[in-house]
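The following paragraphs lead the reader through a structure of two chains, beginning inside one sheet and ending with the packing of helices. Please keep the sequence and the model in view while reading.

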Amino acid sequence: MIELINVHKSFGSQTVLNGLNLTIPVGKTTAVIGPSGEGKSVMLKHMIGLLQPDQGDVLVEGTSIVGLRRSQLNQVREKFAMVFQNAALFDSMTVYENVAFPLEEKTSLSRSEIEDRVAVALQEVGLKNVNHKYPDELSGGMKKRVGLARALLLQPQIVLFDEPTTGLDPVIRRAIHQLIKETQEKFGFTAVIVSHDIPDIFDVAHHIAMLYRGEILQFGTPSEIQTSEHPVVRQFISGSLDGPINSGVA
Amino acid sequence: MTHFLRTIGRGTIGQLQELGNCGQFLAYALYSILRRPGRPVHILKQVNFIGTKSLFVIVLTAAFTGMVLGLQGYYTLTKFGSEGMLGTAVALSLIRELGPVLSALMVTGRAGSAITAEIGIMRISEQIDAMETMALDPYKYLISPKFIAAMISMPLLCGIFDVVGIYGGWVVGVKLLGVNPGAYFSEMYKSVEWKDVYSGFVKSYSFGIIIAWIGCYKGYYAGHGAEGVSKATTESVVLTSVLILVWDYFLTSVLL
């Protein structure tokens, strides 16, 4: 279980998280939705210790990860995997090398065992004949799939997805969502997805958290969120220009 | 008035913080070299990048530096009727000072900037974050191999610079200006001491650390986007060059 307790975070004079409280249920998929620039990715980076809160606490399975030394933090991170918005593949490595990298560095598997596991991982995300390609030779959707294969290879307990479908066409977007849903059901990991994909995300997530102005405005099941009476939640889901959310467009 | 003082104070604190971060980065990088030096294959790759690929520019610079030293030295020494000392003048200038400093400045321009750009791009494209989320230490994979490679490459490049430079001076002094070839090398042999060679290598070794330190640090903490990387690269080259010259002065005053 991941708990964020009264988390505050500012960058210079800009306050991003403002007393955020959130509990992520174990073995379920939780989606965090909210307008752009509200700190969803910042919140995700706090969960894995890439950012430290100015105030408040972050607990992973009951243990605080705030202020841990690098070696202690790495022990906590063994439980995690993260899929980044732009996949964050190592651009000087081929697809095979990218996916094999954590196995080569963190296990004592033989070369043939690594080859087999990489082949299975790539097959599971629906990729064929891409082993020798470099990330800049792949489409956006393929990069996301490689990122997903790399993340799931060490069978993590918790997987964080930072806008996994941003910039993809509707068909690929649906395919990636389906893939996340299937793999979560198959491996039973705890998933946290930061997303803007309304209404697709309601089919993928067990719980939805609405982040607005640095706080969780509402947390509930997809149906509870869809029937919410809160004007901000309603406006965000409907995509209406009229309402409390400022679109920033004149 | 309060606003002015606040601005000055904020700037000073910012600079001190940057200095502290920079020092902490060096300390952790050196600690990582001892604890997690990285795989030999990664180190060799970096030796190839920092060392082997800098050879051409080092040889070219060394040849012309030696040649100009030959010309200037001959012009000065003939005034005193001591052109036989040309070999000594060229060799001592190169071994003690110009070899380590110029080779370091050349490597800064060629490899130091590339190190910053490479790590900076990895930073802004979240590749370093990805490594950290895998519970892998970026220092082991990115920083340590570059430090070790720079510490291996710089003394070797400096040695090559010295030798090529001495032969550059020989071409101009002996072949073009008619200095006695025996005198060129025998005077050099008599005058150059082990201490001169040793001090040159100590300098180039420490310059290697400076190049890797500033190059990696500036890339690791690069700002946002292409502009952030471009700024980090420029700062890296300028700061490394200045630090090399300042450190050279202090080291010379200690080693003399």
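In this predicted model, strand β3 (residues 29-33) of chain A runs parallel to β8(A), and four bridges join the two strands. Within this pairing, A31(A) lies opposite I193(A) of β8(A). β3(A) also pairs with strand β9 (residues 207-212) of chain A, again in the parallel sense and over four bridges. Here V32(A) is the residue that faces A209(A) in β9(A). In a regular strand, the side chains alternate between the two faces of the sheet.

From β9(A) the path leads on to β10(A), to which β9(A) is joined by five bridges, the two strands running antiparallel. A209(A), already met as the partner of V32(A), stands opposite F219(A) in β10(A). The hairpin formed by β9(A) and β10(A) has two residues between its strands, and in this hairpin R213(A) adopts a positive phi near 50°.

What is the order of the strands in the open sheet? The sheet has six strands, arranged as β6-β7-β8-β3-β9-β10 (chain A), and its pairing is mixed. At its edges are β6 and β10 (215-220) of chain A, each of which pairs on one side only. On average, and with direction ignored, neighbouring strands of the sheet are turned by 15° against each other. Helix α5 (residues 140-152) of chain A packs on this sheet, where it touches β6 and β7 (158-162) of chain A. The direction of α5(A) makes about 175° with that of β6(A). For the angle between α5(A) and β6(A), this value counts as roughly antiparallel, because it is over 145 degrees.

Two details of the backbone of chain A deserve attention. I198(A) and P199(A) are joined by a cis peptide bond, with an omega of about 5°. P199(A) belongs to the loop between β8 and α7 (200-204) of chain A. The other detail concerns N6(A), which has a positive phi of about 50° although it is not a glycine. N6(A) is located in strand β1 (residues 2-11) of chain A.

How confident is the predictor in chain A, and where is its confidence lowest? The mean pLDDT of chain A is 87, with 98% of its residues at 70 or more. Within the chain, the lowest confidence is found in helix α9 (residues 231-238) of chain A, at a mean of 84, and the highest in strand β8 (residues 190-194) of chain A, at 92. The latter is the strand that pairs in parallel with β3(A).

Attention now turns to the meeting of the two chains. In the contact between them, 15 residues belong to chain A and 11 to chain B. On the side of chain A that touches chain B, the elements giving two or more residues are α2 (70-77), β6 (80-83) and α3 (95-106) of chain A. One of these, β6(A), is also an edge strand of the open sheet. By class, this side of chain A comprises nine nonpolar, two polar and four charged residues. For the complex, the predictor gives an ipTM of 0.85 and a pTM of 0.84.

Chain B is built from nine helices and has zero strands. Its C-alpha atoms fill a box of roughly 65 × 55 × 30 Å along the principal axes. The mean pLDDT of chain B is 91, and 100% of its residues reach 70 or more.

How do the helices of chain B pack against α8(B)? Helix α4 (residues 86-124) of chain B meets helix α8 (residues 194-220) of chain B at an angle of about 15°, their axes lying 8 Å apart. The helices α4(B) and α8(B) are therefore roughly parallel to each other. The crossing of α4(B) with α8(B) is right-handed. Their contact contains 14 nonpolar, 11 polar and six charged residues.

Helix α6 (residues 138-176) of chain B also packs against α8(B), at an angle of about 140° and with the axes 8 Å apart. The crossing of α6(B) and α8(B) is likewise right-handed. Among the residues making this contact are I143(B), F147(B) and M151(B) of α6(B), together with F201(B), Y205(B) and I209(B) of α8(B). By class, the contact of α6(B) with α8(B) has 14 nonpolar, four polar and two charged residues.

Terms used
Residues are numbered from 1 along each chain as its sequence is written. Chains are lettered from A and ligands numbered from 1 in the order in which they are written. This is a predicted model: local features need pLDDT of at least 70, side-chain atom pairs count only at pLDDT 80 or more; totals for chains, interfaces and linings use all residues. Axes are lines fitted to C-alpha atoms, for helices over the stretch in contact, and angles run from 0 to 180 degrees between N-to-C directions. Angles under 35 degrees count as roughly parallel, over 145 as roughly antiparallel, 65 to 115 as roughly perpendicular and the rest as oblique. A crossing is left-handed if the near helix is turned anticlockwise from the far one by less than a right angle, and right-handed if clockwise. Ala, Val, Leu, Ile, Met, Phe, Trp, Tyr, Cys and Pro count as nonpolar, Asp, Glu, Lys and Arg as charged, and the others, Gly among them, as polar. pLDDT is the predictor's confidence in each residue, from 0 to 100. Two residues are in contact if their C-beta atoms, placed from the backbone, lie within 7 Å. Two strands pair if DSSP finds at least two bridges between them.
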